[in-house]
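Please read the following walk through one protein model with the coordinates open beside it. The path goes from a helix to a set of strands, and then to an enclosed space.

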Amino acid sequence: MQVRDSRADKTVVCISALGILPHNRDRLRRSRNPVRPLASAFPSPRRGVLVAIVSVTLAAVLLLLLASQSYFRSIEVSDARNRLSLYARAFDDAVKRFDEMPFVLANDTRVAATLQGQGGDRMNALLELFADRSGLEAIYVMDQTGLVIATSNHASPLTFLGQNYGFRPYFQNAMLGGRGTFFGVGATTGRPGYFVSEPVSTNGAVIGVVAIKIDLSELQKTLEAEDERLLVENRDGVVVLSSNPDWLYGLLRPANDERLAAIEASQQFGGQLAAPLNWSTEDDNAVVFDGERLIHVSGPTGRDGWTLHYLRSDARVNERSALATFLLGLLVTALVAFSFFLRSKRVEAAFKASQIDRDKLRATNQELEQAQGKLAEASKLAALGQLSASVTHELVQPISALRNYVAAAEIGGEFTSGNTPRRFERIIDRMEEVTRQLRFFSRPHDVAHEPVDLCEIVRTAWDFLDHDLHDAEVVSDLNLPREPVRISGHALRLERVVINVVRNAMGAMVDTSHKQLRLS
């Protein structure tokens with residue numbers, strides 16, 4: 001098909017530029033060799049690539065293992081700190097409730113009278129009553145030499161009465177005028193306890209000491225019953241309480257000879273001081289105890305510089321991190337299996353490529369036939385574009401002259417109504433817009449929308465149709481809101497819509513005797 005028109009030639013070039021004809025030629029070239037070699041289409045991975053993939057996978061697994069260990073260890077440490085805080089409060093509560101009793105007794109006039117040799121028997125009974133009601137192991141009064149002259153366990157076979165505890169540090173501190181505290185194994189009973197003492201003074205002079213012994217054996221049994229590892233260390237590094245009785249009175253850190261001699265002199269542990277424990281600190285939250293690496297947290301108890309240690313096995317950390325790594329391995333395996341599945345699908349698709357190419361060749365022939373039809377249509381559109389350009393050119397000058405005549409008539413006062421010039425102006429504007437549309441058709445491009453008042457568009461269309469409505473004897477009623485109705489659109493095209501709708505309505509009432517049209 002030959003097209004003489006230059007616009008048609010441009011259309012053909014445009015269609016070629018869009019890729020229809022070269023695309024068909026490319027498909028024709030592919031159709032000559034429809035089955036492509038699999039080796040070139042899907043090259044097998046090189047050994048270096050496989051090594052890199054394996055190395056990256058192993059590195060990722062190792063990094064995940066380390067990261068998961070760090071993460072789960074932080075969780076275990078946080079939980080251990082919570083448990084440590086719980087036990088520290090329990091220990092402090094077990095001792096704190098007796099803190100003020102020695103002070104109260106030291107300021108009781110009956111205790112001072114006993115030290116001055118008055119009412120010893122009555123004081124024994126009174127102290128026995130106090131110890132029984134409060135739950136203390138013993139309450140006793142010592143003179144200036146440390147000799148017990150009254151005690152709550154006066155009737156016990158292992159009574160403190162008549163015993164001398166002047167060698168104990170808590171007695172010595174009280175005689176100096178201060179409070180004395182001390183942990184030790186009872187020299188009489190052989191049971192561990194916590195001793196608190198206060199000086200008894202008269203006229204500013206210390207005449208004796210009152211002391212209490214808090215039995216810690218029940219607390220020790222409670223720790224032993226717990227399925228956790230706990231130990232309390234005093235300021236000398238000696239384990240004074242422990243969930244494992246084998247750790248009691250063992251040293252967590254070496255002590256010098258002078259301090260060991262002082263411990264022996266005070267008979268603090270009744271000759272039960274054990275050898276140093278197999279304990280070494282790795283970092284802030286890990287120790288090696290008896291050859292086992294444990295999670296470790298510690299904190300003060302608030303008693304004489306004592307420290308509470310909480311130990312937990314890190315087996316759960318290893319188990320969780322191993323589980324996370326195992327799940328990652330499953331995920332990687334699943335991804336690798338999925339990738340092989342996809343590759344098998346691609347290979348299968350390659351075997352079907354020849355059949356697909358043959359089908360595409362038949363489709364290409366059909367597209368060629370459709371392209372010929374499009375070329376003919378493009379030629380018609382080009383001719384229509386020339387025609388619209390010619391009409392536009394011929395109408396521009398008459399419309400411009402008409403606008404000038406209307407302006408001159410308005411200036412000369414030839415119009416009897418003020419609305420007539422405005423209606424002419426609207427009609428002329430409409431004709432110019434039509435010519436612009438024709439010009440756009442000859443050179444098509446997008447028409448931009450702009451903000452318009454829908455009410456004003458309807459009024460303009462209504463004025464244009466007013467004469468037609470009157471000639472058709474149609475009773476019309478226009479009902480519009482007072483406020484503008486703002487929309488985004490093209491004013492001329494919207495006017496065409498309104499005009500077409502009204503004219504359709506007028507056409508529908510041609511055979512009607514009573515013609516009435518209402519627009520709202």
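Which residues of α14 are buried? In this predicted model, the buried residues of α14 are Cys-455, Ile-457, Val-458, Thr-460, Ala-461, Trp-462, Leu-465 and Leu-469. One of them, Trp-462, has a relative accessibility of 8% and therefore counts as buried, the cut-off for that class being under 20% relative accessible area. Trp-462 can also be related to a residue beyond the helix, since the sequence separation between Trp-462 and Leu-478 is 16 residues, while their C-alpha atoms are 8.3 Å apart in space.

The geometry of the helix itself can be examined next. Helix α14 covers residues 454-471, and because each residue is expected to contribute 1.5 Å, its 18 residues should span 26 Å, which agrees with the 26 Å that separates its end C-alpha atoms. The axis nevertheless carries a kink of about 45°, centred on Leu-465, a residue that also belongs to the buried set of α14. At the N-terminal end, Asp-453 acts as a cap, with a side-chain oxygen placed 3.1 Å from the backbone nitrogen of Cys-455. Just after the helix, Glu-473 adopts a positive phi of about 60°.

A positive phi deserves a remark, as most residues other than glycine have a negative phi. Asn-203, which is not a glycine, has a positive phi of about 55°, and Tyr-249, also a residue other than glycine, has a phi near 65°. Asn-203 is found in the loop between β4 (192-202) and β5 (205-215), whereas Tyr-249 is found in the loop between β7 (239-242) and α10 (257-265). Their surroundings can be described in terms of accessibility: Asn-203 counts as exposed because its relative accessibility is 80%, where exposed stands for over 50%, while Tyr-249 is buried, with a relative accessible area of 7%.

The loop that holds Asn-203 leads into the strands. β4 and β5 form a hairpin with two residues between them, and Asn-203 is in its turn. The two strands pair in the antiparallel sense over 10 bridges, and within this pairing Val-200 has Gly-208 of β5 as its bridge partner. Strand β5 is also joined to strand β1 (residues 138-142), through five bridges and again in an antiparallel arrangement, with Ile-139 standing opposite Ile-212 of β5. Nine of the 11 residues of β5 are buried, so this strand is largely enclosed by the rest of the structure.

From β1 the pairing can be followed to another strand. Three bridges join β1 to β2 (residues 148-151), and these two strands run antiparallel, with Tyr-140 opposite Thr-151 in β2. β1 and β2 form a hairpin with five residues between them, and Gly-146, which lies in the turn, has a positive phi of about 100°.

The residue Tyr-140 also leads to the enclosed space mentioned at the outset. Rolling a probe the size of a water molecule over the atoms shows where empty space is left. How many cavities of 30 Å³ or more are there? The count comes to one cavity of 30 Å³ or more, and the largest cavity has a volume of about 50 Å³. Its lining is made up of Tyr-140, Phe-160, Tyr-165, Arg-168, Tyr-170, Gly-186, Ala-187, Thr-188, Thr-189, Phe-195 and Lys-213. Among these lining residues, Tyr-140 is therefore one that both faces the largest cavity within the lining cut-off of 4 Å and stands opposite Thr-151 in β2.

Notes:
Residues are numbered from 1 along each chain as its sequence is written. This is a predicted model: local features need pLDDT of at least 70, side-chain atom pairs count only at pLDDT 80 or more; totals for chains, interfaces and linings use all residues. Side-chain values use heavy atoms; hydrogens and water are left out. Helices (H or I, at least four residues) and strands (E, at least two) are DSSP runs, numbered from the N terminus. The expected span of a helix is 1.5 Å times one less than its number of residues. The bend at a residue is the angle between axes fitted to the seven residues ending there and the seven starting there. Buried means under 20% relative accessible area, exposed over 50%, partly exposed in between (1.4 Å probe, protein chains only). A polar contact is a pair of N or O atoms within 3.5 Å; within protein, one must be able to donate a hydrogen and the other to accept it, and residues adjacent in sequence count only if both atoms are side-chain atoms. Two strands pair if DSSP finds at least two bridges between them. On a 1 Å grid over the protein atoms alone, a cavity is a set of points where a 1.4 Å probe fits but cannot get out, and a pocket is an open set with protein on both sides within 12 Å along at least five of seven lines; lining residues have an atom within 4 Å of a point. Grid points are joined across faces, edges and corners, and a volume is the space filled by probe spheres set on the points.
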